[in-house]
Amino acid sequence: MKKIVLILTTLLCCGFSNAQKEASNWYFGDQAGISFNLDTDTVTAVSDGQLATEEGCTSISDVNGNLLFYTDGRTAYNANHTIMPNGNGLKGDASSTQSAIIIPKPDDPNIYYIFTVDSDSIDGSDFGFNFYEVNMTLDGGLGDIVPGSETQLINNTSEKLSAVLKNCETGDIWVITFANANGSSNTNNTFYAYQVTNTGVITTPVTSPAGISTSEARGYLKFSPDGAKLASANVGSGLVLYDFDKDTGTVTFNQTININFPSPQQSYGVEFSPNNNLLYVSTFFTSGGDINDPNSQYGALLQYDLTAGTAADVNASQEIIDERQTYRGGLQLGPDGRLYRAMSDTYNNGNPFLSVVNNPNQVGQACDYQHNAIALTNDSRQGLPPFITSFFSENIDIIQNGTNTTNLPLCTGDTYTLMAEDIPNATYTWTQDGLPLAENDFDLFISTPGVYRVEIEVSGESCGELIGEAIVSYFENPIANAPGNLQACDDDGDGSADFDFSTQTATILGSQDPNVFGVKYYSSVENANANTNIITGAFQNTTNPQTIYARIDNVNYRRCYDITSFQIRVFNTPIISASNDFEGCDSDANPMDGQTEITLSDFNADVLGSQNPAFFNITYHETQADADDGINSHPNNYTNQTPFLEPLFIRIENINSTNCYTTGSIN
């Protein structure tokens, strides 16, 4: 059955590739740092950072990759690595997992917001979730925190925050944290999403129940680059995956992800692959409770395939990318498309390296994990700076079929509409197999295979250049040849029998290649269309007659299929009721020779007994073989050939199915 697809729904995904340079400079750990040069694809360790932070840190650069400022959530440093005039006393915490994140104000290149989440682990105080406005025109262009801009959003919160672009049209950004429903308890059960617009921070949040309740504040919270997913690592309280609606800011529980490891492990760092398909999790466990004994630490880096299928399939897809004696560490995508892992020996003792996943879109060991790949000038600790995750979106989704892939299989004769976001004043350039197409707006109607690509030039700096790609393949539609109906005999009178449908397969296939097309059987057309509840092995009918549906599909793309049907029917097998010999009088001209003419149909009533004569045919034969084969039957007016005593071989067959018969004999 040919499946026609036309997508006209609201778009879900938008990345902004030029903005990746805003993540070009990282400062973290014990005055450690790295700088990315995207033009040369190099990463350089730097030593000019001023942070001394166990965990929390963040930084921001301009669109050309020049450092603007950075902070541990308590102190803000400018590009000269000096404290901003009003940069002390921010209400984050160096021991908060994600102490701070920096958000640019849409449509204003001079204004930024620092969002902070506190922790009471160092000073015993928790000041909750706050934000500050930074004006880059102050202090001679080095920037300063605007006096009086401190705004408390939640009294008490966890150590988690993340941010993602809402859409390219407005440039609005969602900032999210995890806290209690009333904002004042240590029991976290609610997500708070705040929208940052070109008018500032909307202080009324969108709240969503988390589906869990925990007093554990630690662990990372991350959006996927496309903003469709949200992962929350809750240390000993589990790892949870959520769905996120960028249009509304609502969070919906998706599944709990189980850590299957030979020894106990707790989730800490989380990060998605650039293509949104894989989730990476850094885990740790301290045996004996001493967080400062290197020999008591053991950690791992795990990978989960979010496209594996069901929740159970996702859990089963776990790959152990690395395991060793090490403490916990954050994970963060870099602007170069690689994934970086913070290394630390214990809580108080860092490690002068970062580890790297070179190909984070690849499943399993193909992701190419490199331990201690980046040598630092000072120690890494447990944290790496978080950014707006849309900085790392690999491309936009122009297929929009919910599968997060660039591959688009179609059936012969199908058409499809590829769609990018309809952005005012944007310039759209479409190509097929590298050749330019005439289309110059946000959607493209296609009917042939090829590699389709759109490049979108966006006015302003919120999104820059967007790129979308679809690899379109076409697969042949099969034809389901109609087979004949199947019949079976009911030997025990229960109205049912076993059927083997594999005998129909060759007819349904006809001349089509069995290596390309497969045939399956179903008890309803709904199951056949959905490809569910496939009949395997022998099938016993549940009604009589019963319609069976056969689906033939292309094994390379099973949505190219056709359906036919046939009936199965069960017929009663008759029985011979007569048990006594038939007797007759020799009353012809020679009454002493033991031979006489007999009307065989006179015996039918005794042979059938209570069976309905309208459904059965009775014949009489000279031999058992003739009765079995249904040949050489006696005429109805028959003269016995053996005097006095002659065996008669009887055959009763169902007139609607002559294969349902019984034979026997009497004298």
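Trainee: Which residues is Asn 234 in contact with, once its neighbours within four places in sequence are left aside?

Mentor: In this predicted model, Asn 234 is in contact with Lys 160, Phe 178, Ile 212, Glu 216, Arg 218, Val 240 and Ser 267. Each of these residues counts as a contact because contact means heavy atoms within 4.5 Å. Asn 234 itself lies in the loop between strand E18 (229-233) and strand E19 (239-245).

Trainee: Is Asn 234 buried or exposed, and how do you know?

Mentor: The relative accessible area of Asn 234 is 0%. The word buried applies under 20%, and therefore Asn 234 is called buried.

Trainee: What can be said of Val 235, and why is its phi worth a remark?

Mentor: Val 235 also belongs to the loop between E18 and E19. Its phi is near 50°, a positive value in a residue other than glycine. Val 235 has a relative accessible area of 3%, which is under 20%, so it is classed as buried.

Trainee: Where does Gln 31 lie, and what is the sign of its phi?

Mentor: Gln 31 lies in the loop between strand E1 (25-28) and strand E2 (32-37). Its phi is near 60°, again a positive value in a residue that is not glycine.

Trainee: Why is Gln 31 called partly exposed?

Mentor: Gln 31 has 36% relative accessibility. Buried requires a value under 20% and exposed a value over 50%, with partly exposed in between. The value for Gln 31 falls in between, and therefore Gln 31 is partly exposed.

Trainee: How is Gly 211 classed, buried or exposed, and on what grounds?

Mentor: Gly 211 has a relative accessible area of 63%, which is over 50%, so Gly 211 is exposed. This residue is found in strand E16 (residues 206-214).

Trainee: How far apart in space are Gly 211 and Val 251?

Mentor: From C-alpha to C-alpha they are 10.0 Å apart, while 40 residues separate them in sequence.

Trainee: What makes Ala 79 partly exposed?

Mentor: Ala 79 has 26% relative accessibility, a value in between 20% and 50%, so the term partly exposed applies. Its place is in the loop between strand E6 (76-78) and strand E7 (100-104). Not counting residues up to four places away in sequence, Ala 79 touches Leu 67 and Leu 68. The C-alpha atoms of Ala 79 and Ala 210 are 38 Å apart, and the two residues are 131 residues apart in sequence.

Trainee: Which class does Thr 623 receive, and why?

Mentor: With 32% relative accessibility, Thr 623 also falls in between the two cut-offs of 20% and 50%, and therefore counts as partly exposed. It is placed in the loop between strand E43 (616-621) and helix H5 (624-629). Thr 623 and Arg 453 are 170 residues apart in sequence, and their C-alpha atoms are 80 Å apart.

Trainee: Which residues does the cis peptide bond join, and what is its omega?

Mentor: The cis bond joins Asn 544 and Pro 545, and its omega is about 0°. Pro 545 lies in the loop between strand E39 (539-540) and strand E40 (546-554).

Trainee: How many cavities of 30 Å³ or more are there, and what lines the second largest?

Mentor: The count is 2 cavities of 30 Å³ or more, and the second largest has a volume of about 30 Å³. Its lining consists of Ser 282, Thr 283, Tyr 327, Arg 328, Gly 329, Arg 341, Ala 342 and Met 343. These residues count as lining because each has an atom within 4 Å of a cavity point.

Trainee: Which strands supply at least two residues each of that lining?

Mentor: They are strand E22 (278-286) and strand E26 (339-344). E26 gives the most, with 3 residues.

Trainee: How do the residues of that lining divide into nonpolar, polar and charged?

Mentor: There are 3 nonpolar, 3 polar and 2 charged residues. Tyr 327, Ala 342 and Met 343 are in the lining, and they are nonpolar because Tyr, Ala and Met are counted in that class. Gly 329 is also in the lining, and it is polar because Gly is counted there.

Trainee: How does the radius of gyration of the protein chain compare with that of a compact globule?

Mentor: The protein chain has 38 Å, whereas a compact globule of 667 residues would have a radius of gyration near 26 Å. The C-alpha trace spans about 140 × 65 × 45 Å along its principal axes. The secondary structure comes to 5 helices and 46 strands, and buried residues make up 52% of the 667 residues.

Notes: Residues are numbered from 1 along each chain as its sequence is written. This is a predicted model: local features need pLDDT of at least 70, side-chain atom pairs count only at pLDDT 80 or more; totals for chains, interfaces and linings use all residues. Side-chain values use heavy atoms; hydrogens and water are left out. On a 1 Å grid over the protein atoms alone, a cavity is a set of points where a 1.4 Å probe fits but cannot get out, and a pocket is an open set with protein on both sides within 12 Å along at least five of seven lines; lining residues have an atom within 4 Å of a point. Grid points are joined across faces, edges and corners, and a volume is the space filled by probe spheres set on the points. Helices (H or I, at least four residues) and strands (E, at least two) are DSSP runs, numbered from the N terminus. The radius of gyration is taken over C-alpha atoms; the globule rule is 2.2 Å times the number of residues to the power 0.38. Buried means under 20% relative accessible area, exposed over 50%, partly exposed in between (1.4 Å probe, protein chains only).
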